[in-house]
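User: Hello! I am new to this structure and would like a close look at one part of it, with enough of the surroundings to see where that part sits.

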Amino acid sequence: MTELHRPAPLDPRRHDRGAFNSGEPTLDEWLRRYAGQNRRHDTAATWVIATADDTVVAYASMAMTAIDRPAAPPEIAKGAPDPVPALLLGRLAVDREYAGMGIGTVLTAHVLATAVELNTKAACRSVVVTALNAAAHTWWEHLGFRPFDPDATGPADLYLLTTDIETTLRRIR
Ligand SMILES: CC(C)(COP(=O)(O)OP(=O)(O)OC[C@H]1O[C@@H](n2cnc3c(N)ncnc32)[C@H](O)[C@@H]1OP(=O)(O)O)[C@@H](O)C(=O)NCCC(=O)NCCS
């Protein structure tokens, strides 16, 4: 069994991303070319899980966002300002060689725990994701996320209320 580090902020000087292959080239390319830049510009924070020799096997990126209140489902809009504060889980990817080992779940749990912490310190009503495709949509629903528009066909934006995160964490940890 490969030894893996717990989730840590991406360190471009230390972490090797050269061979990362999630099966989604746009996600692999973003990790290699834009993750460091977004960190430097304070526009997205990337967290990685790496092997003992610092090869990245999974990453997640997050940024603060805001939800348009008039377009939000009632459980987000109720009693909230416009826009509604939220955390965007922008990207999540696991290297194919490490798929199905629970690593995506561990990294998602890390992001959800971050939302809970942010909510305590600055208020964050919900975590928001955009599903890349139908498989990703199923993945997010499996973690308790709900689509903003249940009638939409195809992959869409989904959310998980911060108040529902503990339920998801109890189920997946
Ligand atoms: C989706 C992804 C992050 C899952 O990562 P992973 O480490 O392979 O997933 P895990 O091993 O943690 O999976 C845990 C559980 O989720 C299930 N699962 C995995 N992919 C799933 C999917 N697309 N839909 C529903 N369930 C899924 C697994 O069967 C497993 O269930 P079990 O615990 O009952 O056995 C990974 O496949 C990936 O990087 N895909 C390409 C990029 C992508 O689609 N990213 C997400 C949207 S941006």
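Which element gives the largest share of the shell around the ligand? Please start there, and then walk me through the strand S4 and what lies around it.

Analyst: Happy to. One thing to keep in mind throughout is that this is a predicted model. The element you ask about is H5, which supplies 5 residues, the largest share of the shell around the ligand. In total, 22 residues surround the ligand, and those that come nearest are Gly104, Thr105, Ala136, Thr138 and Trp139. Helix H5 covers residues 134–142, and the other elements that give two or more residues to this shell are helix H4 (103–122) and strand S4 (84–94). By character, the shell is made up of 12 nonpolar, 8 polar and 2 charged residues.

That brings us to S4, which also has a place in the interior. Of its 11 residues, 10 are buried, so that the strand is mostly covered. For a residue to count as buried here, 20 or more other C-beta atoms must lie within 10 Å of its own. The largest nonpolar core has 41 residues, and Tyr59, Leu89 and Val127 are the ones that touch the most other members. Two or more residues of this core come from each of helix H1 (25–33), strand S2 (45–50), strand S3 (56–67), S4, H4, strand S5 (126–130) and strand S7 (157–161). Strand S4 gives the largest share of the core, 8 residues.

Leu89 is a good residue to click on. If you set aside its neighbours within four places in sequence, Leu89 is in contact with Ala60, Met62, Val111, Val127 and Val129. One of these contacts, Met62, stands opposite Leu89 in S4, and another, Val127, is itself among the residues that touch the most other core members.

Now step back to the sheet. Its 7 strands form an open sheet with mixed pairing, in the order S1-S2-S3-S4-S5-S7-S6. At the edges stand strand S1 (8–9) and strand S6 (146–147), and because each has a single partner strand, one side of each is left without a neighbour in the sheet. In that order, S4 sits between S3 and S5. As a reminder, strands of a sheet pair through backbone hydrogen bonds, either parallel or antiparallel.

On one side, S3 and S4 run antiparallel and are joined by 10 bridges. You can follow this pairing residue by residue: Thr65 stands opposite Ala86 in S4, and Ala66 has Pro85 as its bridge partner in S4. On the other side, S4 pairs with S5 in the parallel sense, over 3 bridges. Ala86 takes part here too, since it stands opposite Ser126 in S5. Ala86 therefore makes a handy landmark, with Thr65 opposite it and Ser126 opposite it in S5.

One strand further along, S2 and S3 run antiparallel with 6 bridges between them. Val48 stands opposite Tyr59 in S3, and Tyr59 is another of the residues that touch the most other core members. The hairpin of S2 and S3 has 5 residues between the strands, and Asp54 there takes a positive phi near 70°.

What comes just before S4? Pro81 lies in the loop between helix H3 (74–77) and S4. Pro81 counts as exposed, because it has 11 C-beta neighbours inside 10 Å. Although Pro81 and Arg69 are 12 residues apart along the chain, their C-alpha atoms are separated by 7.3 Å.

For a contrast, look at Thr168, which has its place in helix H6 (residues 165–172). With 18 other C-beta atoms within 10 Å, Thr168 is partly exposed. Apart from neighbours within four places in sequence, Thr168 is in contact with Leu112, Leu143, Gly144 and Leu160.

Finally, the whole chain. It has 6 helices and 7 strands, and along the sequence they follow the pattern β-α-α-β-β-α-β-α-β-α-β-β-α. The radius of gyration is 16 Å, close to the 16 Å that the globule rule gives for 173 residues, so the chain is as compact as a globular protein of that length. The C-alpha trace spans about 50 × 30 × 30 Å along its principal axes. Of the 173 residues, 33% count as buried. Among contacts with a separation of 6 or more, 61% join residues 24 or more positions apart.

How values were computed. Residues are numbered from 1 along each chain as its sequence is written. This is a predicted model: local features need pLDDT of at least 70, side-chain atom pairs count only at pLDDT 80 or more; totals for chains, interfaces and linings use all residues. A residue is near a molecule or strand if its C-beta atom, placed from the backbone, lies within 6 Å of it. Helices (H or I, at least four residues) and strands (E, at least two) are DSSP runs, numbered from the N terminus. Ala, Val, Leu, Ile, Met, Phe, Trp, Tyr, Cys and Pro count as nonpolar, Asp, Glu, Lys and Arg as charged, and the others, Gly among them, as polar. A nonpolar core is a set of buried Ala, Val, Leu, Ile, Met, Phe, Trp, Tyr and Cys residues joined through C-beta atoms within 7 Å. A residue is buried if 20 or more other C-beta atoms lie within 10 Å of its own, exposed if 12 or fewer, and partly exposed in between; C-beta atoms are placed from the backbone. Two residues are in contact if their C-beta atoms, placed from the backbone, lie within 7 Å. Two strands pair if DSSP finds at least two bridges between them. The radius of gyration is taken over C-alpha atoms; the globule rule is 2.2 Å times the number of residues to the power 0.38.
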